[in-house]
Amino acid sequence: MFALATLAAFVSLNTEPPPPPSPINLDSLLAEMFDRESLARFPDPPYTCKQFSSYDRASKSPDDPATWFANGDRGEFLRTENVGEPPRKEWVMADMDGPGVIVRLWSANPKGTLRIYLDDKPTPAIEAPMADVLGGKWKIPEPMSGVQSRGYNLFLPIPYAKHCKVTSDASGFYYHVNYRTYPAGTPVESLARLDRAKIDIARVAGMIGYPRPVPDLEGTPTQLPPGAATEIFHSETSGPGEITSLALHAFSTTLTESLRSTILIAEFDGQQTIWCPLSDFFGSGVGLNPYQDWYRTVSKPAAMRSDWVMPYLKSAKLSLLNLGPKPSGVLFKVTSNALPEGAPTNRLMHFHTNWHAQYPIHALGGKGTMDWNYITATGKGVYVGDSLAVMNPVEEWWGEGDEKIYVDGETFPSHFGTGTEDYYGYAWCDPHYFTHPFHAQPRVDGNGKNNWGHTTVSRVRSLDAIPFTKSLRFDMEIWHWAECDEAYAATTYWYALPGATSNIPPQPDEAKAPIPQPPPLPKPLAIPNAIECETMTVSAKSDGVIAAAQDMEGFARQTWSGGAHLWIQAHKPGDFVELTIPVEASKPPGPHRLTLYATKSWDYATVRFTINGKLAGPNSGEPIDLYSGQHGKPLSTGPIELGTFTPTPNGTLLLRAEITGANPKSEPPKTYFGLDCIVATPAPH
C-alpha cells in the first residue's frame, strides 16, 4: 500500500497537465472546410447546427394543417432595433449566444446593408451591401461567395466567442442563417480583420473549386447480367481503414435505365449502410448529368467519381447489383488505405446512403400537401447532404415546400426553410443548370423556361453538417402550384457510429420499375384573330416604366395567347403605358368591338383602361383589379369586354392602361400588370 501510494504521489507530482485545446478560429475552420476525413469523425469538440430563416411565423404546429404549410416566407424577422445616432432601423435576422460560428448565409433577394455584430460590440465586424457580400462582389471570392441560379450564398465561416447578431437596414427579403454552437467554455477566436486572411481564403476557395476529373479506367468491363451481383471491393484487415475514392465507368445500351436499376451496396464491419442506384448515389438523379461538387464528379460519356471518405474498423465490402432487364457493364477503381497504427477509432463513423423514391405523389395545387420524409436516422452521427430527383408533369413550380429538420427529438424543427430551391441554394424556381462545390442543379429539362420534366438538385455539407446524438428526421413539404401526380427520389448521405439505423429500407421494386416520364407540354392558347400585346408598338409610357415581352413558360403557358404577355413594371399610381392597336381600316373607318385578355398576379395593381381617350371596360370603365389572390401563381383573366370604338382614319386604336391603386392584399410592389392580347371584331354600322 505504501509503495502504491508513493508511486501515485510521484506520478501526480511529475506528470504535466494536458495542454489546453487549440482555439477554433478562421484558420482552423478553413482547414476543416476542405478536410473530407474530418467529416467522417464525430466532431470534437461537439457542436450543434441550427438555422434562422424568414419562414412564415404562422407555422406553429403540424397539428394545424391550415397554418403548418403557410407560405408567406418573405420579410419575417426576429425583431427591429433602433441603432446609433441618429437612430437607424435594423431588422434582426439572427441572434445567437456563443461560442459559435456562422457557416452559411443565403438570400433570394438580398437588400440593404448587412451587419454582423460579434461579442456585443457596437461596431459590426462585417458591414457592407448584403448583395455584394453574398454575391461574390465583396472581399470573399467565388465559390465561397456568389450567385447560382438567382440564389445568393456565402460559405465563409464567421466565428464568435460570446455572441453574434445579424441585421439588415432593409426588409422584405428571404434569408437563411446556418450556425454552429459549441459547448460553453470552448475556446473560439472571434473573426478579426478579413484582410489578414485574404490569401488563405483565396487558397481554400481555389481548393474546394479545383476540378477532380474521373480517372481513365482501362480493361474489359465487368458484365452484370440481369439479376446478377458482383463484388468490386473487399477488405478484411487487422485494423481500421478507409475508402477514400470510388471511380466508375458504366456501359449499357439503355444507360438512363441501367443507372437507375444498377445498385451500389456497401457493408462496413458487417453492417449494410449503403443501398442506392448508381446515378442517384453520384448525385445525377435520372440519367447521366455532368456536374461536380466537393464530393462527387459526373462526366460524359458515363464516368462517375465519389470522394466521400468511408471508414471501417475491420472490414469493408462494395458490391453492384443489376436489377434491370438488360445486361450492364462497369469499369471501377476503389482507392483505400489503412489508418496509422494506434490511430484513435472512438470517433470513426460509418458512411450511410439511403434512397427513398415514390410515384405517384399527388400534389394539391396552391397549397401544401404533406411533409414527405427524406429519412429518419437513429443513433449518433452527422448529416452531410442529399440529392433530390423530381419528375414534374406540368410547367408550374413544384418546389414551394420548406425543409424541416428535427434533431434529437425536437418537437419543432431547428431547420425550417423557405422553399425547396432555397434549401438547395438557388432561388425563384430558376430552371437553369448550375454546379458548385456545395450545391448544384445538374439536370433541369425546362432549360431556363419552365420546371416541366426531370429536375435534379443537390446539396452537400462541410461546415454546415448537422450532428445528432440520438436521432435526425428530415422532412420536405410537398407544395406544388398545380394539382398533379409527381415523382420524388431523395438520396441522403450521413455518417454515424456503428449500430445506427434508419427508416428507409432498400426499394428494389422502385429501382427496377420504369422511370416515370412527363407528358408532352400542351400547346399555347390560340385565340382566333388575337393581336398580341407584346407585339404592339408602345407609343408612350411614364418615365421609368418597363414594358417587355414575358414568356409565360412555367406558369401554365397554354392559358395565354401565344404563350406570352406584355409585362408592365410600373412604380406608382398614375404610371401608364399606351399601345397602338392595329386594326384593318375600313372606308370609312368602322367601329370595332374590343375584347382584352390580361393577366392577374399576386403583386399586380388595379388598372383603368381607355381607348382613344374614352373610358373602356365593364361597369362604365371602372378600374379592373388584377390581383390574383394566389402568391406565386399568375392567372389569365379570360375575356374582358372593353366596348365598341371607332378607329382613326389610318386604322388604329390607342389603348391606355393606367394604374389607379392596388388591392390591399396585393404584395409589394403592387404596381405591375400584364396584357396578353386584344381581339378587334368589326361591329355593324
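A cavity, on a 1 Å grid over the protein atoms alone, is a set of points where a 1.4 Å probe fits but cannot get out, and its lining residues have an atom within 4 Å of a point. Grid points are joined across faces, edges and corners, and a volume is the space filled by probe spheres set on the points.

The structure you have here is a predicted model, in which local features need pLDDT of at least 70, side-chain atom pairs count only at pLDDT 80 or more, and totals for chains, interfaces and linings use all residues. Residues are numbered from 1 along each chain as its sequence is written, and side-chain values use heavy atoms, leaving out hydrogens and water.

Let's start with the enclosed spaces. Searching the whole structure turns up 2 cavities of 30 Å³ or more. In the table, Ala, Val, Leu, Ile, Met, Phe, Trp, Tyr, Cys and Pro count as nonpolar, Asp, Glu, Lys and Arg as charged, and the others, Gly among them, as polar.

| Cavity | Volume | Lining residues | Classes |
|---|---|---|---|
| Largest | about 40 Å³ | M33, V103, F155, F438, S462, L463, D464 | 5 nonpolar, 1 polar, 1 charged |
| Second largest | about 30 Å³ | P311, Y312, L313, L348, M349, H350, P498 | 6 nonpolar, 1 polar, no charged |

M33, part of the lining of the largest cavity, also belongs to helix 2 (residues 26-33), where L26, L29, L30 and M33 are buried. Buried means under 20% relative accessible area with a 1.4 Å probe, protein chains only; helices are DSSP runs of H or I with at least four residues, strands are runs of E with at least two, and both are numbered from the N terminus. Viewed down the axis of helix 2, its buried residues fall within an arc of 100 degrees, so they line one face of the helix; the arc is that of the directions from the helix axis to the C-beta atoms. These buried residues pack against strand 4 (100-107), strand 9 (158-160), strand 11 (175-181) and helix 6 (198-208).

M144 brings several of these pieces together. Contact means heavy atoms within 4.5 Å, and, not counting residues up to four places away in sequence, M144 touches L30, M33 and F155, among others.

Helix 2 also meets an open space. A pocket is an open set of points with protein on both sides within 12 Å along at least five of seven lines. The second largest pocket holds about 610 Å³, and E32, S38, P43, D44 and P45 are the closest to its centre of the 29 lining residues. Helix 2 and helix 3 (36-39) each supply at least two residues of that lining.

Technical notes: Buried means under 20% relative accessible area, exposed over 50%, partly exposed in between (1.4 Å probe, protein chains only).
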